Amino acid sequence: MEPPIERVRLSQTAKDQLTKLKRQTRIDRWNVLCRWALCRSLAEPSPPSPVKLVTDSNVEMTWRVFAGDDGDAYAIALKQRCHQDNLPLDSETLAQQFLLHLHRGIGYLAGDPRIKQIEDLLSSLTG
């Protein structure tokens with residue numbers, strides 16, 4: 001399946017938020033935390049706000065690094081969410097929505113006072 005984006009680049013704000021999450025959870029890989037963040041945002045009933053993102057940090061990874069062996073599952077989940085939100089499924093929209101969901105999810109995880117250790121990530125997704 002075609003990935004929604006070839007290279008994932010984060011904003012400086014998202015990098016700072018991930019740094020905080022790395023410290024709290026002791027998860028030392030950006031991509032693992034980003035996967036949690038994407039899932040957290042996709043689980044929200046409302047669509048992300050269509051804000052302009054400035055991807056100005058030095059955190060960058062390929063889709064393959066972001067998604068690992070589960071790239072098709074993440075791509076399908078994103079397409080399903082775009083369909084649910086009545087958005088077109090063209091490559092530009094998918095890339096934009098991926099970045100919006102990723103950044104929103106990072107913000108949600110970083111702002112969740114319940115997340116103090118790795119075990120708290122699971123409860124952040126299940127409520």
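Student: Which backbone oxygen does the side chain of T25 reach, and at what distance?
Tutor: The model is predicted, so to speak of local features requires pLDDT of at least 70 and side-chain atom pairs count only at pLDDT 80 or more, while totals for chains, interfaces and linings use all residues. Residues are numbered from 1 along each chain as its sequence is written, and side-chain values use heavy atoms, with hydrogens and water left out. A polar contact here is a pair of N or O atoms within 3.5 Å, where, within protein, one must be able to donate a hydrogen and the other to accept it, and residues adjacent in sequence count only if both atoms are side-chain atoms. For the side chain of T25, the partner is the backbone oxygen of L21, at 2.7 Å.

Student: Is T25 buried or exposed?
Tutor: T25 is found in helix α1, a helix being a DSSP run of H or I with at least four residues, numbered from the N terminus. Buried means under 20% relative accessible area, exposed over 50% and partly exposed in between, with a 1.4 Å probe and protein chains only. Because its relative accessible area is 4%, T25 is buried.

Student: Which residues touch F66, leaving aside those up to four places away in sequence?
Tutor: Contact means heavy atoms within 4.5 Å. By that rule, and with those sequence neighbours not counted, F66 touches V8, N31, C34, R35, L38, M61, Y74, F98 and L102.

Student: Which element gives the most residues to the largest nonpolar core?
Tutor: Such a core is a set of buried Ala, Val, Leu, Ile, Met, Phe, Trp, Tyr and Cys residues joined through side-chain atoms within 4.5 Å. The largest has 30 residues, and those with the most contacts inside it are L10, F66, F98 and L102. Two or more residues come from each of α1, α2, α3, α4 and α5. With seven residues, the element that gives the most to this core is α5.

Student: How many of the 21 residues of α5 are buried?
Tutor: The end C-alpha atoms of α5 are 30 Å apart, which agrees with the 30 Å that its 21 residues should span at 1.5 Å a residue, the expected span being 1.5 Å times one less than the number of residues. The helix is largely enclosed by the rest of the structure, because the number of its buried residues is 15.

Student: What includes the cover over the buried residues of α4?
Tutor: The buried residues of α4 are G71, Y74, A75, L78, R81 and C82. What covers them includes α2, α3 and α5.
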